[in-house]
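Visitor: I'd like a close look at one spot in this model, please. Take me through it slowly.

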Amino acid sequence: MSTVSEKNMMREQVTIVLNEREPLKARAAEALQSALSDLGVTASRVPVTEEIEQVVVKRQPLIVVLDYLLGDFSTGLDILSRIESLDSDERPRVFFLTDEPSVPVAVQAMQHGALDYMEVDHPQSIQKLARAVQKEILSIMTLQANAKSCPISTEPTRIDDLIAEAPSTAAARSQLETLAQAPTHILILDGPNGCGKKSWARAYANLRQGEATPRLCDLRLSTESAEAIIGHAQNRVGPKLGVDLNLTILHAEEDDGALLEQISSRTDNMWSAKSDSFLVICTADASVAEAWARAIPSARRISIPALSQRNEDIAPLMQRFCNDAAALSSEKLKAFDAAALRWAGTMEWPGNVRQLRAVTIEAALRAARTKDKTLAQLLEQQLEQWNNEFLSKGDATERTQEGGTALTLAHALELCGHQYRAAAALMGLPTRKFLARLTDGHAAEAVATKGQARRT
């Protein structure tokens, strides 16, 4: 079986998608292709037709350069939306090159993953874009090398991947499996922050094994309208909920009511009899889950318990996270002994599974270099640090780190689904430096100390 890196090596480097019916853009596409060739980057140009979205998704280049207005067929944002639905390993990186000077369009493109937004008629755009694309290709190659040295699985979450030794989680997992076998079009997952709702949603999608396009939407980050999110916006081209879109909504408590109204008003006639399409709503607010359940009687609801209610899950979770730590380090790590596992079972974990994972990884990495502390002592130290850093200052996505300790870096990696580049961007670090600090806690502390000294 070919690896992700091998698959990437076989993918086309750059696909240019400009509306070349316009002479200016035809010249720009030709100039960009030539400039990339001079830099040793291969690029192809594809004509804009009614099938342009499917063409780009099928080609899956490493990088795609998009125009905004693509004739009467589509827009660059529509293609970007389709790209978002791909698995992270298959998702091209996107640059915009267009004559549309709209700031809202540029902001929306960047929020949905575009790396840059350049105006086609700017005299330096072509050369600037060519250099940026070349740099991104080199970054992809570096990322592939890092992935080989620090392999963490990015396989889809399966039902067997969900740790459920505790009676409460065993019951929830059994319910999830049952609902996946029935034509359940709307599933509501509620539970406290950090309990693993995203993993449970992925396991549900994996069980369904439908042909509909999967998509993940975090309402904290989305600026789309409710209609656009479910694919029913006017003149929108692409997958639609109820037809060919599997949609998971994260942080449904951020909905102002528009999304619930759109879906509840369409529920009776949205899904066709043979549709593989479904919606998973994830929220940490029980009252929001209740509101969705009342508004959509056909919806089914599963409550994922907090870690405090699933003590039997702590030890197997820690063993799994220790394996993750081993994948991040080239050193031989100590296995967690019975004393450390017993200690963890007596502690409170307000950050739930997310906190347990970050603390376990940090303690395991430090244990390889520390001889004067037991694993239980290291766990206690990291638990206290996590509480100080996150409970008092809020979520990592809402604040800026001055480099970050290995603990905060491991948390960023978890938040970004084990995607190193995304986690590095979240922490404001180059990918190589992110990996170096993640696997070397002492180096991270030294950097943070020097930074603090300079500021003082």
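Visitor: Does Ser44 count as buried or exposed, and why?

Guide: Ser44 counts as buried because its relative accessibility is 16%; the cut-offs are under 20% relative accessible area for buried, over 50% for exposed and partly exposed in between, using a 1.4 Å probe and protein chains only. A word on the ground rules: this is a predicted model, where local features need pLDDT of at least 70 and side-chain atom pairs count only at pLDDT 80 or more, while totals for chains, interfaces and linings use all residues. Residues are numbered from 1 along each chain as its sequence is written, and side-chain values use heavy atoms, with hydrogens and water left out.

Back to our serine. Ser44 sits in strand E2, residues 43-45 (strands are DSSP runs of E, at least two residues; helices are runs of H or I, at least four; both are numbered from the N terminus). Skip the neighbours within four places in sequence, and Ser44 is in contact with Glu12, Val14, Thr15, Ile16, Gln33 and Arg59, contact being heavy atoms within 4.5 Å.

For some other buried spots, try the cysteines. Cys195 is buried, at 2% relative accessible area, and Cys217 is buried too, at 5%. Don't go hunting for a disulfide, though: the whole structure has zero, a disulfide being a pair of cysteine sulfur atoms within 2.5 Å. Cys195 can't bond to Cys282, which holds the closest cysteine sulfur, because the two sulfurs are 8.8 Å apart, too far for a bond.
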